[in-house]
Amino acid sequence: MGISVKGASKKFGDFVALEDISIEVPDGSLTALLGPSGSGKSTLLRVIAGLEQPDAGRIVISDRDTTDVPVQDRGVGFVFQHYAAFKHMTVKNNIAFGLSIRKRPRKEIDTRVRELLQLVHLDGFADRYPSQLSGGQRQRMALARALAVEPEVLLLDEPFGALDANVRKELRVWLRRLHEEVHVTTIFVTHDQEEAMDVAEQIVVMNEGRIEQTGAPRDLYDHPSTEFVMGFVGPVNRRGALFIRPHDLEILQVPAVEAEEAMIERIVHLGFEARVELLLADGEQLWAQMTLAEAELMELAAGQIVYARPRHAKVFEPSGASRTEELAAA
């Protein structure tokens, strides 16, 4: 069950969008395709959906080879970043659209629409039009419309990308809860690391049409296999060959072994946390992450001279191989 992509490749002219991509998405799971613009994540999603045909490779959905199956016969629900709502239809008619064109009985359609309105918390909005909804409500309507036909697979392409930060956070929580209720095998595309870490059970990190690493959010953060993953999944400082997470950069007020002298350029208060931006003697900049209480206890201030050293760091092979070495400050 689930989704298997086996050796998928796709070119647009001379541009290689996908290069020998293979992934396994377990049945009922929630997987994120994470990467920068142009990494191939949306192309991969469209290949799975059947909106693009791969030049090579196979797509298997629920143990069925769907590589050459038309999009309408794949059992896939697709939600785009922009809601593509039918503006002249009410919310309930938008949700019912897929069932109507499949000529389902009216009673069945009405029952299913009522269930979905409750599921996506739009019970009181059935007779409104899309223009009367907020962005978050329109996106929930789009998800309900995709779920109406009971797809085997739900594919979401930057579903929250057009929304403001607060609404995105609310919808992330809502999507997690929705998935726990419906258990549809789901893949969503995002370039937002926090979004992927917050929502997904499995993350596929993509770069330049290739997969850099696949794993659970914590595994990718704690055990990145490449420099790209280290730099893309979570914040990082780079000092020569060392990759240092900001929370692993220790600030001392007296000289110590392995510690470098630095001047505090700026302290940014971020609620419970403080971001301490440092300028080293050679002009390089680093930043440390600590609790606000720790920063206040040390009485840190802009212009102050301190000493910075990594508690832990990672070093990658020059070849880019995935073996890493842990370093600890003496």
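This passage describes a helix, two nonpolar cores, a sheet and one strand residue in a predicted model.

Helix 4 comprises 14 residues, 135–148, and its length can be checked against the expected rise: at 1.5 Å a residue the helix should span 20 Å, and its end C-alpha atoms are indeed 20 Å apart, which agrees. Of these 14 residues, 13 are buried, so helix 4 is largely enclosed by the rest of the structure. Just beyond the end of the helix, Glu150 adopts a positive phi of about 55°.

The surroundings of helix 4 include the largest nonpolar core, a set of 45 residues in which Ile95, Leu154 and Ile203 have the most contacts. Helix 4 supplies the largest share of this core, namely seven residues. A second core, separate from the one just described, has 23 residues, among them Ile23, Leu45, Ala49 and Val76. Within the largest core, Ile95 is one of the residues with the most contacts; when residues up to four places away in sequence are not counted, Ile95 touches Val113, Leu116, Leu117, Met141, Ala144, Arg145 and Ala148. Of these partners, Met141, Ala144, Arg145 and Ala148 fall within the 135–148 range of helix 4.

The sheet is open and consists of six strands in the order 6-7-8-3-9-10, with mixed pairing. Its edges are formed by strand 6 (76–79) and strand 10 (210–215), each of which pairs on one side only, and the twist from one strand to the next averages 15°. Strand 10 runs antiparallel to strand 9 (residues 202–207), to which it is joined by five bridges; in this pair, Val204 has Thr214 of strand 10 as its bridge partner. Helix 4 packs on the sheet through contacts with strand 6 and strand 7 (153–157), and the direction of the helix makes about 165° with that of strand 6.

A further residue considered here, Leu278, lies in strand 15, which covers residues 273–280. Leu278 has a relative accessibility of 0% and therefore counts as buried, the cut-off being under 20%. Apart from neighbours within four places in sequence, Leu278 is in contact with Leu249, Ile251, Ala262, Met263, Ile264 and Glu265, as well as with Glu284, Gln285, Leu286, Val306 and Ala308. Between Leu278 and Gly231 the separation is 47 residues in sequence and 19 Å in space, taken from C-alpha to C-alpha.

Methods
Residues numbered from 1 in each chain as written. Predicted model: local features only at pLDDT ≥ 70, side-chain atom pairs only at ≥ 80, totals over all residues. Heavy atoms only, no water. Helix = DSSP H or I, 4+ residues; strand = E, 2+ residues; numbered from the N terminus. Expected span 1.5 Å × (residues − 1). Buried < 20%, exposed > 50% of the residue type's maximum accessible area, 1.4 Å probe, protein only. Core = buried A, V, L, I, M, F, W, Y, C linked by side-chain atoms within 4.5 Å. Contact = heavy atoms within 4.5 Å. Pairing = 2+ DSSP bridges. Axes fitted to C-alpha atoms, helices over the stretch in contact; angles between N-to-C directions.
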